[in-house]
Amino acid sequence: MELTTLLKEKFGYDEFRPGQTEIIQKILDHQNVLGIMPTGGGKSVCYQLPALVLEGLTLVISPLISLMKDQVDALNEMGIPAAFINSSLTMPEINDRLRLAVDGKIKLLYVAPERLESYDFQQLLRHVPIELLAVDEAHCISQWGHDFRPSYLKLADIIQQFDQQPSIVALTATATPQVAEDILQRLLIPKENQVTTGFARENLAFQVVKEQKDTYLLEYLRVNQNQAGIVYASTRKEVERLYHLLKSKNISVGKYHGGMGEQERSKNQEDFLFDRIQVMVATNAFGMGINKSNVRFVIHAQVPGNLESYYQEAGRAGRDGLPSEAILLFAPHDLQIQQFFIDQSEMAIDYKQNEYLKLREMSQYAHSQMCLQRYILRYFGEDGPDCGRCSNCLDDREVIDITIEAQKVLSCVKRMGERFGKSLIGKVLTGSKDQKISQWHFDELPTYGLMKDWSQKEVTQLIDYLTASGFLTPTEGQFPLLKIAPTGIEVLLGKRTVTRKQAPVRTIVKDDALFEELRALRSELAQEQNMPPYVIFSDKTLQELVEKQPQTTLEFLQIKGVGQSKLEKYGAAFLEILKK
Ligand code: ADP
């Protein structure tokens, strides 16, 4: 059968994405190949489609359990027999699935890399002719990568021991040239068989926001309240803080980090996948293997340790190809957390140096004036035109007048005698009950509590800004005292205004009544079958349904993401709504 016919019939897509044909052809020619494609680029099809064509089994090595179940569910939905084996299963269940593989009843078998190391499993594999070995997240094989996994290193040796040598397809979305080189070498892939479609994500808009992080976050979540997204923080403690902050504002939020029990974690993860909660606040323990395609934004509330991690985590937004946002809320002191992680780690010294260097590049990204997408591409050894979507390309930060607020701060500094640091000044302005304040009788000042609807943090950020802008002069030392600079006096006298650039809070997509109706139906069907909604249809498919409004099964089949199997299962229900 023609490959494109197969693509349409099974997966519901009309044409291949860049790189897919090339990779698939090489696999079918029994060559080893490395595919580097951006997240959402369509890596899975690269081995799932050959798996249908090949006689033998396709063994998929994938690092995370949650991803496997998802992928297998999705394949079964498309009418493709597949199974996974991992530690969540009992021994009899594992044996059942192996039997299916031995009998040739499944085309794809997903396992974690650790499983290949097991002697028993290796023995069993002797009875199953493996024709294709797909190595997902292949960057995990490189010690120069940001996510090195020792069990990946042993892969190559284990494969060599197979009676019959399968062809290998390695896939990843994040590989610096150094990491790509490593993958080629370890998995015996010839250099000319590296297919790179580029790292650029055409539907992602990158932003860096440097001021008033909490305020920005809350406002963003308020205006985008119907959208799903992830908020990443570096520590469990910060996850907890943000979780409670969002919760207190009635945002539909869940949390996920390594300090929580297994049960609570998987419940929260499922709530997010099933669209039962909108926002997930998490450490980087969350997400690898999250296949949810309708994640509309990924916000990093704290800077991650390197650009590879950042791009991978941010890349979880918009897998369905719809416009999505990747926002970094940057504060210089968050770099210290990452610095601490590296200091504490038990890596060899040259790997440590490498990590410090990566952290520096992450910080440069935040300060860069160039197109953010392009900055990332260059980091991965590529280049491209300016994206026209990121906060640097647009620089549409609004200029707001903060003269009055500045006057409040400056006059407070003056009344306190220019002998204190920002923390106490902030406390006086917000009307704190701190003992020191009554000791010094600052609660009798007219500026006491003048900014009581601001948080202490917001006021100190404003003081930092006024200092950085030269309206206040700090003394030397670790806890500088603040004095009013000559320009500050002009502000107090009303001879000078103070402005500040503020990142605008944008809304992502407009809501649409029909879309919502289809989404509700999808949720209902998903719930009945206990599957995440996006496994049934992606947001992109729903959107195309809204645009094209198919009225017949034939028209319905023309929609991207609708194959024969899904048409049979869901066509009638969706058509019923569309016909109205
Ligand atoms: P990756 O693993 O590269 O991040 P996926 O394999 O999950 O990406 O694919 C991302 C999305 O693109 C999925 O919803 C997938 O079904 C869809 N997709 C894959 N190939 C095509 C194609 N040729 N045409 C349209 N959509 C595709």
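**The ligand and its surroundings**

An oxygen atom of the ligand lies 3.1 Å from a polar atom in the backbone of Gly42. Taken alone, the ligand would expose 560 Å², and the protein buries 84% of that area. The structure shown here is a predicted model, and within this model the ligand sits in the largest pocket.

Polar contacts of the ligand

- In addition to the backbone of Gly42, which has a polar atom 3.1 Å from a ligand oxygen, the side chain of Arg17 places an N or O atom 3.2 Å from a nitrogen atom of the ligand.
- The side chain of Gln20 also takes part, with a polar atom that lies 3.0 Å from a nitrogen atom of the ligand.

The shell around the ligand

- There are 14 residues around the ligand, and those that come nearest are Tyr13, Gly40, Lys43, Ser44 and Arg319.
- When the residues of this shell are sorted by class, four are nonpolar, six are polar and four are charged.
- Helix 3, which covers residues 43-53, gives the most to the shell, contributing three residues.

Salt bridges

- The count of salt bridges in the model comes to 32.
- In one salt bridge, the side chains of Glu240 and Lys255 meet with a distance of 3.1 Å from N to O.
- This pair links distant parts of the chain, since Glu240 belongs to helix 11 (residues 236-248) and Lys255 to strand 10 (residues 253-256), with the two residues 15 residues apart.

How values were computed: Residues numbered from 1 in each chain as written. Predicted model: local features only at pLDDT ≥ 70, side-chain atom pairs only at ≥ 80, totals over all residues. Heavy atoms only, no water. Near = heavy atom within 4 Å. Polar contact = N/O pair within 3.5 Å; in protein donor to acceptor, adjacent residues only side chain to side chain. Areas by Shrake-Rupley, 256 points an atom, 1.4 Å probe, with all protein chains shown as cover. 1 Å grid on protein atoms, 1.4 Å probe; cavity = no way out; pocket = protein on both sides within 12 Å on 5 of 7 lines; lining within 4 Å. Sits in = over half its atoms within 2 Å of the grid points. Helix = DSSP H or I, 4+ residues; strand = E, 2+ residues; numbered from the N terminus. Nonpolar A, V, L, I, M, F, W, Y, C, P; charged D, E, K, R; others polar. Salt bridge = Lys/Arg side-chain N within 4 Å of Asp/Glu carboxyl O.
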